[in-house]
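Reader: I should like to understand how the terms used for a protein model are justified. May I put some questions about the one shown here?

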Amino acid sequence: MAAETNAASPAVRPELWKALTLQSWGRAMPGPCLAARPERLRDLQAALAAPEGRALLPRGAGRSYGDACLNPGGAVVLTERLNRLLAFDPASGLLLAEPGVTFAELLRVFLPRGYLAPASPGTAFVTLGGAVAHDVHGKNQHLAGSIGEHIAWFDLLLADGSTRRVSPESDPALFQATIGGLGLTGILSAICLRLAPVPSNALLVRRQRMPDLDAFLAGFEAQAAAAYAVGWIDALAKGAALGRGVLEVAEPSPEGLPDRPPKPRRLPFDLPGLALNRLSISAFNELYWRRAPLIPQEERVAYERFLYPLDAILDWNRLYGRGGFHQFQCVLPFREGEPALRRLLETVAAGGNASFLAVLKAMGREGIGMLSFARPGYSLALDIPARPGSAALFAALERITVEAGGRIYLAKDSWLSPQGFAAMYPQAPDFQAVRARVDPDGAFSSGLSRRLGLG
Ligand SMILES: Cc1cc2nc3c(=O)[nH]c(=O)nc-3n(C[C@H](O)[C@H](O)[C@H](O)COP(=O)(O)OP(=O)(O)OC[C@H]3O[C@@H](n4cnc5c(N)ncnc54)[C@H](O)[C@@H]3O)c2cc1C
């Protein structure tokens, strides 16, 4: 496979482009744009020349919640059809793949051979390109770090039409700017990722009911050595029950399971806005909590059921109705951040914003990208329906996070202010310096980059 090519400015090919209105996973901010869907790498270069000199954004599966994968008024290159597995070396676990390969495909092909993605987000429908561009993390971040740590190198199509093979050794600044780089340094055209060996297709999972936030945090601390850990919090619980939920920890199982889990079901329509209210969500959260055992019990569970529980219902984002929803996810430092964690939960519960289970994770390592989200601390993620008043609520959540020295996750974000971004991402000036080198004319842009003042 060709590693490096020289700069070549392609001419605009109008037949490649179609007017589309794209949505992100939250469905709250439609993005009208021109879109091209290249099927081969050679067509990718042609898509660099967008009609009318529009700014360009690569896009994967559109599983980001806010405007990171939207480019309203601009041009978008859809990469899901660039989805070939190119080479695999079982001795090293190194896989070379096109950017549109999904985690679902990795699981389907490589789990039966004893390999797994070393870090994986909570849905398998994410592409590798999208995962690198947000330096995604999984339920094992405290031990395995985020995905960027497991990338050996990638090929990057730059704004000038050249393709550069980039590794931590060949160009450390461009490598660190592109891991978590929001698709703003170029288009990833091939990714070399080190898969992790696993003994079987299953995990031994222990679930335990946690009565409140203190118990939860103590539970995480006690389980710091577990391979995987995740907490599901009832975000509507208040008072003494604030932060109650279910802690799940897991270890790879030496013995596998004979069958794969059942196929996912699809939610065939948008739920009417009124169906999701405080009462219905409270009832769901209560049931989820009560079903978990008081004393931990061990169960052998297929990897996909543990890693991707939400994938059991396709299009579950339609539960929030046509208006859509937003997600808030932040990471707060251990210890000093804990009062802020409580304040965030209190603010959401007091606002009466019905939210299904919130997700709590412990992160152990700083991400290697200049704009990586991960840092040691507790990460909290909450879904919040898009309603009048959302702006004030998100501003309050941002304030609490900044004051506690925390950081909001850009993959989930639709509301962060430029000032909040500058405070949370101190390496943004280094990132901008790399962009000035590889994209001096600002060919790449997104709704999120313009909102945050990244150009
Ligand atoms: C149910 C659910 C659970 C999730 N759980 C987690 C989680 O546990 N941990 C976590 O970290 N994230 C999580 N996410 C967020 C998700 O992992 C990220 O938003 C991811 O980036 C989505 O990938 P995508 O393929 O959909 O990319 P998109 O959303 O389409 O794009 C994301 C970014 O990647 C860029 N991009 C896409 N392809 C390329 C390319 N070829 N070259 C350069 N840039 C590119 C885009 O420009 C954009 O900036 C979750 C999302 C959902 C919906």
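Author: A word on terms comes first: helices (H or I, at least four residues) and strands (E, at least two) are DSSP runs, numbered from the N terminus. The model is predicted. Over residues 28-198 the chain is 18% helix and 27% strand, and the C-alpha atoms at the two ends are 39 Å apart.

Reader: What makes residues 28-198 a stretch to describe by itself?

Author: The UniProt record, in an unreviewed entry, lists residues 28-198 as "domain: FAD-binding PCMH-type". That name comes from the record.

Reader: Why is Asn71 called buried?

Author: Buried means under 20% relative accessible area. Asn71 has a value of 1%, so Asn71 is buried. Asn71 lies in the loop between β3 (56-59) and β4 (75-78). Leaving aside neighbours within four places in sequence, the residues in contact with Asn71 include Pro32, Leu57, Val76, Ser445 and Arg450.

Reader: How do you know that β4 pairs with β2 and with β3?

Author: Two strands pair if DSSP finds at least two bridges between them. Strand β2 (residues 31-36) has three bridges to β4, in the parallel sense. Between β3 and β4 there are four bridges, also parallel. Both counts meet the limit, and therefore both pairs qualify. Ala35 stands opposite Val76 in β4, and Arg59 stands opposite Leu78 in β4.

Reader: What makes you say that both faces of β4 are covered?

Author: In a regular strand the side chains alternate between the two faces of the sheet. In β4, Ala75 and Val77 are on one side, Val76 and Leu78 are on the other, and all of these are buried.

Reader: Why are β5 and β9 said to stand at the edges?

Author: Five strands form an open sheet in the order β5-β6-β10-β8-β9, with antiparallel pairing. Each of β5 and β9 (163-166) has a single partner strand, so one side of each is left without a neighbour in the sheet. From one strand to the next the twist averages 10 degrees. Within this sheet, β6 and β10 are joined by four bridges, and the bridge partner of Leu95 is Leu193 in β10.

Reader: What covers the buried residues of helix α2?

Author: The buried residues of α2 (residues 103-110) are Phe103, Leu106, Leu107, Val109 and Phe110. Among the elements that cover them are β5 (85-89), β6 (94-97), β10 (187-194) and α8 (303-307). Helix α2 lies across β5, β6 and β10, at about 45 degrees to β5.

Reader: Which strands are at the edges of the sheet of eight strands?

Author: The order is β16-β12-β14-β13-β19-β20-β18-β21, and the pairing is antiparallel. The edge strands are β16 (297-302) and β21 (407-408), each of which pairs on one side only. Helix α6 (residues 213-222) lies across five of these strands, namely β12, β13, β14, β19 and β20, and runs at about 170 degrees to β13. Helix α10 (residues 390-403) lies across β18, β20 and β21, at about 10 degrees to β18.

Reader: Why is Gln329 called buried?

Author: The relative accessibility of Gln329 is 1%, and the limit is under 20%, so Gln329 counts as buried. Gln329 belongs to strand β18. Eight bridges join β18 (residues 325-332) to β20 (residues 377-385), and the two strands run antiparallel. The bridge partner of Gln329 in β20 is Ala381.

Reader: What makes the approach of Gln329 to Ser379 a polar contact?

Author: A polar contact requires a pair of N or O atoms within 3.5 Å. The side chains of Gln329 and Ser379 are joined at 2.8 Å, so the distance satisfies that limit.

Reader: How do you know that Pro333 is buried?

Author: Its value is 8%, against a limit of under 20%, and therefore Pro333 is buried. Pro333 is found in the loop between β18 and α9 (338-350). Beyond four places in sequence, Pro333 has contacts that include Glu338, Arg375, Pro376 and Gly406.

Reader: Which residues come nearest to the ligand?

Author: Of the 36 residues around the ligand, Pro58, Arg63, Ser64, Thr127 and Tyr409 come nearest. A side-chain N or O atom of Lys361 lies 3.0 Å from an oxygen atom of the ligand. A backbone N or O atom of Gly122 lies 3.0 Å from a ligand nitrogen atom. For Ala68, a backbone N or O atom is 3.2 Å from a ligand oxygen atom.

Methods:
Residues numbered from 1 in each chain as written. Predicted model: local features only at pLDDT ≥ 70, side-chain atom pairs only at ≥ 80, totals over all residues. Heavy atoms only, no water. Contact = heavy atoms within 4.5 Å. Axes fitted to C-alpha atoms, helices over the stretch in contact; angles between N-to-C directions. UniProt positions renumbered as here; feature names shortened; annotations may be inferred. Buried < 20%, exposed > 50% of the residue type's maximum accessible area, 1.4 Å probe, protein only. Near = heavy atom within 4 Å. Polar contact = N/O pair within 3.5 Å; in protein donor to acceptor, adjacent residues only side chain to side chain.
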